[in-house]
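Q: Could you take me through one part of this structure slowly, as you would for someone in a first year? I would like to look closely at the place where two chains meet, and then at what lies around it.

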Amino acid sequence: MKLGFLRTTAVCLAAALALSACGKSEPKVEAAGPAVRRVTEAQYRNVIADLFGSNIVVVGRFDPLLRNNGLSSTGAWDAKITPTGVEQFERMARAIADQIVSPTNRDVLIPCAPADATKADDACAKQFFAKTGRMLLRHPLPPEQIQVTVDLANKAATTFNDFYRGMSVGLASLLVSPSFLYVIDTVENDKNGIPQLNAYAKAARLSFLLWNSTPDDALLTAAEKGELNTKAGVKKQVERLVASPRLESGVRAFFGDMLGLDEFEAIEKDTIIYPTFSLAVAHDAKEQALRTISNLLLTERGDYRDLFTTRKTYISGPLGRVYQVPVPRPDGGWAPYEFPADDPRSGIVTQIAFAAQYSHPGRSSPTIRGKAIREALLCQKVPDPPGNVDFSQFNASDGTNKTTREKLAEHRANPTCAGCHKITDPIGLALEKIDGVGQLRQTENNAPIDTSGDLDGVAYQDAIGLGKALHDNPAVPTCVVSRMYAYATGRAPGASGDKDLVKYFGESFVGDGYRIPDLMKRIALSDAFLAVSAPKSKAATPTSASAAPGSKEESKS
Amino acid sequence: MSVLLPRKPSRRGILRGTLGGLSASVALPFLDIFLDSTGKAEAATGAPLPVRFGTWFWGLGHTPGYGVTEKATTAPGIEFLDQAKALKPWAKDISYFSGFNMPLDGRSNYTHITGWVGIATGTAPATITEIPSTTLDLMIADRISAGTRFQTIDCNACNQPGENYTARSTTSLSAAEISPVALYARLFGPDFVDPNKADFKPDPSVMLRNSALSVVSEQSKQFIGTLGAADTARLDEYFTSVRQLEKQLALQLEKPPANEACRVPGRPGAEPDIKNNGMEVEVVRATHGIMAKMLAMAAACNQTKIINMVYSDHHSHLHRAGESFNHHNLTHEEPANSHLGYQPETYWFGQQAMEALAEYISAFASIKEGDGTLLDNSLIFAYSESSNARIHSLDGVPIMFVGKAGGKAKPNMHVMGKGDPITRVGLTAMQIMGLPIDAWGTQSLHTSKSISEVMA
C-alpha cells in the first residue's frame, strides 16, 4: 500500500515535471511579514572569515537550532537567544575583537593608526567603526551609533592607556549587537505605498542565500544607491553573486544542512571495531562530500542527479586508509580521485560521510540509511516506530539469523513493523557491503551479503544500482527544490500558493538541466524571495509573548 | 515589562558612572566567622543558606523489577535492588517515586522524548520537537536564581551538547557544557571572584564589558513597533538574556560574602577522551565524575543555584568499547537471559547510571555547609524518560528527590503513585523550592495534588 502510494506519487511528479512549460510565469504567493533570523554557526564563522580573514579563530558553542522539515537552518527563523547563548556570544566577541586588534593583525585590519597608541583617538576610532560597523551590521551605522561605539572605545582606551584595547571593547559591542546576531528585515513603503524590504535587507537576503555570509562592499553600495529597488539592479547583483567563487560557500552550506553534515564531526565510532576511524577521518569525510558536491555542481556545472552516480571525488590520506585505496598525494593532502569502474562505490551515498553518519557506532544500519535516503533525499517522511513495539521477538537465540537482511526480513513480515521497514530496508540493504564507517566488506557473520533491492519498484542488485535508481527517481529533484525553497525563505512548502511556486521552481529546474546554481539564481530573482508584507501586528504589548527571566524583576525596578 | 521599553536607571547605569574611579579598590571587611551561631545562616548577610535545585537525567530507566522493591502503599524506607545498589548508602537522603503515570490524551508517545518532556513541562508534547512550556528547572530558576552568577549551569556528560533538557520553549534551546575543561573555565576561570580572598578590587575590564552590554541594551529601542509580535518577543528574550549577563557581570564587581564551604577546585588535568569516545561508558563516567565535583563546588561557591546534568541522553547512545550495540539498541534487541530473567548487557548500563548518580550525590554530600552538607541544602530531581525502555512504557517512570532542600524536603520515603499523574512529582518539587504554585500540568497531566509525604 505504502509502496504503491509512493510509486504513484513519483509518477505524478514525473509527469508534472515532464509537462513543464518553459516561460511560465511565477505564481503569486502571499508575502510573509518581516523576518528575524539568527545567524547560524556557519554564517557567523563565514562573516568573521570574510571580513577579517580566516586566521581569526572563532571558539565557542552556539545555541542549537531546531531541525525541522529536513533542515536546521530554518530553525534560525524562529530561534531565540538564551542567557547561555548571549554569554557564549559575548565571550566569542571579546576573543575575536582581541585578535583583530592584536599587533599581528591591527596594521591590516584597522585602516588607520592612532596618533598615540596609549591614548584614545577619536578620528581613527570613528573611521574604523564606521567602516567595520557597516560591514558587520549590513548597513551604514547612523552617526549617533558610531559615536556611542567610539565613546565606549575611548573610555576603555583611557582606562587602560591603550588605544587598541579600547578598540577591542568597542568592536566586541558590535559583535553582540542584535543587528549582527540577527538578520532583521526592515520594511519601508515603496512609492505606491506598498511594503517592501529596504535595500539593505534585500542585500542581506541575497548574500546569505547565495554566499551564506554578509553582503560585500559592492552589494551594500548597490543598496546605498537604490539599485536593489529595481529588478535590473537586483538581477545585476544576483548574477555577480552567482558568478563569484563565494557561491561555493552557499552551496556547501545548503547541502551540509540538507545532508545533515553539520553535526558530522561529532560522530562517534567504536575505535576497537573500526580502528581506521578517527577525528581526522570524520573531518575529511565531511569535506570529501562537500568537495564532491562543489566539483560536480559548480566546477563542472553538472546535473544534480549525477551526485548519486558520480565516481569522481577527492581523497585524503586518512580517507585512503578507510577506503583502502592508494592516495595520490603521499603527504596526505587532498587530491582528485575517481573510483575505478569495477569499484562497487559510486555516488554520494556510498561515501564515508553518508555511510558513517547513518550507522551505529559499531555496525551499519540498513534501516537508518534507508530512512535517511527517504527523508533527506526524497523528502518523504518515514513514520516513527510505534512506542510499544517489542523487538526481542526478532532475535533468534539459536544463531540462525546470520545477516541483518535476514533479521530485517522478519521485521518486514510483521504487520506492525512492515509499513516502515518495507520502505526503508530495501534501500539500506543495497549499501550493506559498506560497513559502519565506509569500508567495503563481502560477508557478515561469514555469510555472503546480498545487496539486491528496489526503490519504488525499480529493482537493483547493488549500491551502484541504487545510485542509478535515485538518479532516475523524480522525487529526487523535486525534493532538492523543495528544500532549497525552505532554506531560502524559512517556509516549508505547505500553503497552496507555496506549492504552486515550488512546482514552478521544480519545472524550471528540469528545464535548466537540474543545475543547482540556476535554481539558486531563479529563487533569488523571484518576486517571492524579496517580497514582504507589513508586520502582522505591532508589538503593542510585547510582554505577553515572553516569560523570560528577569522581566518581572525589571518591571519592579 | 518588556525590555524593549525604556527602563528606570539601573545599577548598571550607576556602575557606568563610576568608571572614572576604577583604580580605587573597594575595601570590604573579610569576615572571620562565616556562619551565624545556628549554623543555618550566613553570618555575613544573616540570610539563610541558599537552597539549590538540580535535575539529573539518565536515559532508559531501570530494568523493570531490578531497581527498587515496590510497596503496596507509600511508606518510609526505600529498598534499592541490585541494579540500583549503589544508591543504598544514600537511601536516607532519597525519596523514590513509583507508579506515577503519564496519560497522553490521545497524543503520540514520541519514544524516549514524550517521557522527559511531560515530566519536565507538565504537558505531553504534540509533536516530536515540541517543548510545550518552560521546564520546571527554569521556573524554579526564575524564582531563586537572583544573586548568583549563572541562572543555570547545564552539563551533558555524554558529548552531546544539544541534548540539554531545559528550555523555555521549542525555539529557545541552549547548548550544554560537555567539556570539563570548558566548564572549569566558565565556573572558576578569570571571571570567578573568590569569596574568601582578603583583597578585592573590581576588575575594570568587567566594568567595561558591562558598559558594552549597556550599549547593546540601548539598541532595543530601535525595534519598537517595527516587527510583528512574535519577532518582537524573540528580540525581547534576547535583550533579557543580555540583561542576565549584565547582572552576572555586576556580581563580579561586588565583594561576595565570605563562604566557608567554597574551596576553589584545582584546574582539571587531561580531559577524558571526549572527542574520540565521548559516548563510551568509561569516558562518560570519567567526564561525569569530574563535572560532578566541579558543579557541587560551583553551587557551594554560590555561582549558581540551578544545575542540570544529563548523564546519558534520552535514547542513551552510550556504548561499551568494542561492542557493536549501544545501550538503546540493546534494550530492543538483546535477548533476555533465561537464567537471570533480564537482558544482562542492558542491565549493566542501568547499573552504571545508578553508580554515576551515587557519585553525583557523594559530590554534594562531601561539601560541608553550616551544620550539614551541601546535599542537605539541595534538591536533586533525578529522573528518566521511560519505565521499561524495551517497550517505551511511560507508566511508572522512575523519579527520585535527593537531598533535604534546606529542611523543606523529607527524604527516605518510597511514594507509590498508584497511577496518579506523574506531574504530582514536579508540582511537589516546585512547591518545595518555594514557588507559589498550586496546580501544574495540562489535560490529564493537570494536578493540584502535591505529595505531602515528602514535604517537611
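A: Here is a walk that starts at the interface of chain A and chain B and then moves into each chain.

First, some ground rules: this is a predicted model, in which local features need pLDDT of at least 70 and side-chain atom pairs count only at pLDDT 80 or more, while totals for chains, interfaces and linings use all residues. Residues are numbered from 1 along each chain as its sequence is written, chains are lettered from A and ligands numbered from 1 in the order in which they are written, and side-chain values use heavy atoms, with hydrogens and water left out.

Let us begin with the meeting of the chains. Contact means heavy atoms within 4.5 Å, and 85 residues of chain A are in contact with 87 residues of chain B. The size of an interface is often given as the accessible area lost when the parts come together. Between chain A and chain B the buried area is about 7300 Å² (the accessible area, with a 1.4 Å probe, that two parts lose on being put together, summed over both). Carbon and sulfur atoms give 58% of that area.

Charge plays a part here too. Side chains of opposite charge can pair when their charged atoms come close. The rule finds four salt bridges across this interface, a salt bridge being a side-chain nitrogen of Lys or Arg within 4 Å of a carboxyl oxygen of Asp or Glu. One salt bridge joins Glu333(B) to Arg363(A), at 3.8 Å from N to O. The rule also finds 20 residue pairs in polar contact across the interface, both residues being at pLDDT 80 or more. A polar contact is a pair of N or O atoms within 3.5 Å; within protein, one must be able to donate a hydrogen and the other to accept it, and residues adjacent in sequence count only if both atoms are side-chain atoms.

Which elements of chain A give two or more residues to the side that touches chain B? Among them are β1 (36-38), α3 (83-100), α6 (143-160) and α7 (163-175) of chain A. Helices (H or I, at least four residues) and strands (E, at least two) are DSSP runs, numbered from the N terminus. The most comes from α3(A), with eight residues. Sorted by class, this side of chain A has 37 nonpolar, 23 polar and 25 charged residues. Here Ala, Val, Leu, Ile, Met, Phe, Trp, Tyr, Cys and Pro count as nonpolar, Asp, Glu, Lys and Arg as charged, and the others, Gly among them, as polar.

Now look along helix α3 of chain A. Arg94(A) and Glu90(A) both lie in it, four residues apart, about one turn of the helix. Their side chains meet in a salt bridge of 3.1 Å, N to O. Glu90(A) is buried, at 6% relative accessibility, whereas Arg94(A) is partly exposed, at 25%. Buried means under 20% relative accessible area, exposed over 50%, and partly exposed in between (1.4 Å probe, protein chains only).

Helix α6 of chain A is also on the list of elements at the interface, and Thr149(A) is found in that helix. Thr149(A) counts as buried, at 2% relative accessibility. Leaving out residues up to four places away in sequence, Thr149(A) touches Phe129(A), Gly170(A), Ser173(A) and Leu174(A).

Stepping back, chain A has 24 helices and 10 strands, and 59% of its 557 residues are buried. Another salt bridge in this chain joins Asp450(A) and Arg405(A), at 3.7 Å from N to O. Asp450(A) lies in the loop between β8 and β9 (453-455) and Arg405(A) in helix α17 (residues 404-413) of chain A, so the pair ties together parts that are 45 residues apart in sequence.

Let us finish in chain B, with helix α11 (residues 423-432). Nine of its 10 residues are buried, so this helix is largely enclosed by the rest of the structure. The buried residues of α11(B) include Thr423(B), Arg424(B) and Ile432(B). They pack against several elements of chain B, including β1 (52-57), β3 (94-98) and α2 (114-121). After α11(B) comes Gly434(B), with a positive phi near 95°.
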